[in-house]
Amino acid sequence: MRRQDFHFDLPDELIARAPAQERRGSRLLCLDGPSGDVDHRHFAELADLVAPGDLLVFNDTRVIPARLFGRKASGGKLEILIERVLDERRALAHIRASKSPKPGSEILLEDNTGLRMLARHEALFELEFPQEGALPVLERLGHMPLPPYIDRPDEESDKERYQTVYSREAGAVAAPTAGLHFDDEMLDALRSKGGETAFVTLHVGAGTFQPVRVDDIFEHRMHSEVMQVPESVCRAVADCRARGGRVIAVGTTSVRALESAAASGELKPTTGETDIFIYPGYRFRVIDRLITNFHLPESTLLMLVSAFAGYEQTMNAYREAVQEKYRFFSYGDAMLISRNPEVHGW
């Protein structure tokens, strides 16, 4: 399987650099995996497409304002992107600078708040924050870590729109973007229809935007992310199965959390880290339907969708989405996909 097999041509004007006026204001491409049939709908119609007894599983991670600007004590400017908060005062981060800071050196943020670079772990730098703590400093000085393809500075509105309405567990440095389409009214409508909801946590890391650099995708190594699937979710999935409902993952991060927790063949409560890589040939254990945005060409997320719906079905749907001028990526439109149970190989 080659990286280039997952390439498609995307005109630049289809990249959504700002959100829709309303969260539910996006379009919704419905893809039936078994047949490959495509239906063009609006996200506001989602409640009509969910049956009583279905279970929607959301990722309740909350994006932290993870981008910081400052300078080395010697004066050189730098930019920090937090990858993971380790504890109250320590974090791992990417640092962009003309010359990397050395262990023990001081970094001064925009208001002269001082950080200390403790150690380097390959591409990541371990930073120590002052007594105030890492999260309070980020809340006070940090900028929202918009994806690199949204090539503009973050704005005040991004603090609310690049965040799901149900976010509660701080720790992500990228939004679980399928959830950005939901507002409280939509959640109420789904529950009124008889849809059940459950919440996992997967703290999305900056590595989600790292491209696949190897030609043979089997050689690609995923970055690791912190996740939790509680006992309540396992019970909710079992109850859904018992009543004949469908498990609908909201976003690829929910998929990765659930499938990681079912790696043994049985869905179990799980707390830890996952680097699961899902590509065509993978056998899904938990998910029946998937709500997701449109992903980057040659990305691991496009490979996951291809594993779920089928390679030809997915690539054909993407070509149709381009033709119909859907909006792509984090602030773009959405897909509702039914799993193709016949696809287990390349």
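So, the second largest cavity is lined by Met222, Arg256, Ile276, Phe277, Ile278, Thr300, Leu301 and Leu304. A cavity here is a set of points, on a 1 Å grid over the protein atoms alone, where a 1.4 Å probe fits but cannot get out, and lining residues have an atom within 4 Å of a point. Its volume is about 40 Å³, counting the space filled by probe spheres set on the points, which are joined across faces, edges and corners. Helix α6 (residues 300-309) gives the largest share of that lining, 3 residues. Helices here are DSSP runs of H or I, at least four residues, and strands are runs of E, at least two, numbered from the N terminus.

Quick caveat: this is a predicted model, where local features need pLDDT of at least 70 and side-chain atom pairs 80 or more, while totals for chains, interfaces and linings use all residues. Residues are numbered from 1 along each chain, and side-chain values use heavy atoms, without hydrogens or water.

How many cavities of 30 Å³ or more are there? There are 2, and the largest has a volume of about 80 Å³. Among the residues lining the largest one are Pro19, Arg161, His181 and Tyr331.

Now, α6 comes back when we look at helix α7 (residues 311-323). Which residues of α7 are buried, meaning under 20% relative accessible area with a 1.4 Å probe, protein chains only? They are Gln313, Thr314, Met315, Ala317, Tyr318, Ala321 and Val322. These buried residues pack against α6, plus strands β1 (27-32), β2 (38-42), β16 (289-293) and β17 (334-338), where contact means heavy atoms within 4.5 Å. Just after α7, Lys325 takes a positive phi of about 60°.

Key: 1 Å grid on protein atoms, 1.4 Å probe; cavity = no way out; pocket = protein on both sides within 12 Å on 5 of 7 lines; lining within 4 Å. Expected span 1.5 Å × (residues − 1). Buried < 20%, exposed > 50% of the residue type's maximum accessible area, 1.4 Å probe, protein only.
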